[in-house]
Amino acid sequence: MPLARCTSGGGDGGAAAIWTPPFCTIVAADTSDFSYLSCPRCELALPDGAASCFACGGGGAQPAPSRVYRLLLSLATHDRVVPVVLFDRAARTLIGCPAADLARFFAAHPGSARAAAEALRGEMCRVVLRAPTRNRKGAGAADERLRAVSIVPLRDGFRPVVDTIRKMYQRG
């Protein structure tokens with residue numbers, strides 16, 4: 001899909017195109033499969049349950065894999081709806097906690113993943129989007145989507161999603 005009003009990321013010829021629509025509205029969020037294990041050293045996606053990275057492992061102290069975000073959203077601009085992927089840094093802006101913490105919360109509170117998706121729906125934001133890269137090792141279907149480089153909620157009273165669902169699932 002060509003990006004309207006896009007700019008090249010630089011003069012090197014290999015930079016991905018950048019697109020910054022004036023504002024977007026989140027129309028859907030897929031919170032059913034929002035994270036994956038990643039090697040903290042080489043950032044390679046690892047299978048669930050992996051104890052170490054098979055690509056860069058070996059010598060020295062091997063850091064434990066960490067759970068990071070790959071949150072899929074549908075964003076509406078003034079003239080279209082586009083599928084977007086938010087990786088760890090951008091997703092934390094909306095969610096408000098590390099992916100491992102959210103995974104534990106979802107596991108402890110049935111229905112909270114759906115509540116998180118509902119909490120995101122309708123949020124207006126300013127987003128910088130980048131065209132997908134095609135040559136990363138281990139890249140899957142999410143690699144074909146536009147990537148949110150940054151996302152800024154526009155609502156004055158915006159609270160991260162984790163705050164909203166924690167209030168909904170308070171005991172007492």
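A polar contact is a pair of N or O atoms within 3.5 Å; within protein, one atom must be able to donate a hydrogen and the other to accept it. Thr77 and Asp79 meet that test, with their side chains joined at 3.1 Å. The model is predicted. Its pLDDT averages 84, and 81% of the residues score at least 70. The protein has four helices and nine strands.

**Overall layout**

- In sequence order the elements run β-β-β-β-β-β-β-α-α-α-β-β-α.
- The protein has 172 residues, and 37% of them count as buried.
- Among contacts with a separation of 6 or more, 65% link residues 24 or more positions apart.
- The accessible surface is about 9500 Å². Carbon and sulfur atoms hold 53% of that surface.

**Confidence**

- Residues 1-14 stay under a pLDDT of 50. The model gives this stretch 25 contacts beyond four places in sequence.
- Where pLDDT is low, the predicted coordinates should not be read in detail.

**Thr77 and Ala76**

- Thr77 sits in the loop between strand S6 (66-76) and strand S7 (81-87).
- Thr77 counts as buried because its relative accessibility is 11%, and the cut-off is under 20%.
- Beyond its neighbours within four places in sequence, Thr77 is in contact with Trp19, Pro21, Phe23 and Cys24.
- Ala76 belongs to strand S6. Ala76 is also buried, at 16% relative accessibility.
- Leaving out residues up to four places away, Ala76 touches Phe23, Cys24, Thr25, Val27 and Val81.
- Ala76 and Met124 are 48 residues apart along the chain. Their C-alpha atoms are separated by 9.3 Å.

**Strand S8 and its partners**

- In a regular strand the side chains alternate between the two faces of the sheet.
- Strand S8 (residues 124-130) shows this alternation. Cys125, Val127 and Leu129 point to one face and are buried. Met124, Arg126, Val128 and Arg130 point to the other face and are not buried.
- Strand S2 (residues 17-19) runs antiparallel to S8, joined by two bridges. Ile18 has Arg130 as its bridge partner in S8.
- Strand S3 (residues 24-30) also pairs with S8 in the antiparallel sense, over two bridges. Here Thr25 is partnered by Met124.
- Strand S9 (residues 146-153) is joined to S8 by six bridges, again antiparallel. Leu129 stands opposite Ala148 of S9.

**Nonpolar cores**

- The largest nonpolar core has 35 residues. Leu73, Leu86 and Leu120 touch the most other members of that core.
- Not counting residues up to four places away, Leu86 touches Tyr69, Arg70, Leu71, Leu73, Ala91, Leu94, Ala148 and Ile151.
- A second, separate core has five residues, including Leu37, Cys39, Leu44 and Leu46.

**Helix H3**

- An α-helix has 3.6 residues a turn, so residues three or four places apart point the same way.
- In helix H3 (residues 112-120), the buried residues are Ser112, Ala115, Ala116, Ala117 and Leu120.
- Their cover includes S3, S6, helix H1 (88-95), helix H2 (99-108) and helix H4 (161-168).
- Gly122 follows H3 and has a positive phi, near 95°.

**Ser38 and Glu43**

- Ser38 lies in strand S4 (residues 35-38). Its relative accessible area is 5%, so Ser38 is buried.
- Outside the residues up to four places away, Ser38 touches Glu43, Leu44, Leu46, Pro65, Ser66 and Val68.
- Glu43 is found in the loop between S4 and strand S5 (45-46).
- Glu43 has a relative accessible area of 53%. That value makes Glu43 exposed, because the cut-off is over 50%.
- Most residues other than glycine have a negative phi. Glu43 is not glycine, yet its phi is positive, near 65°.

Technical notes:
Residues numbered from 1 in each chain as written. Predicted model: local features only at pLDDT ≥ 70, side-chain atom pairs only at ≥ 80, totals over all residues. Heavy atoms only, no water. Buried < 20%, exposed > 50% of the residue type's maximum accessible area, 1.4 Å probe, protein only. Contact = heavy atoms within 4.5 Å. Areas by Shrake-Rupley, 256 points an atom, 1.4 Å probe, with all protein chains shown as cover. Core = buried A, V, L, I, M, F, W, Y, C linked by side-chain atoms within 4.5 Å. pLDDT = per-residue confidence, 0-100. Pairing = 2+ DSSP bridges.
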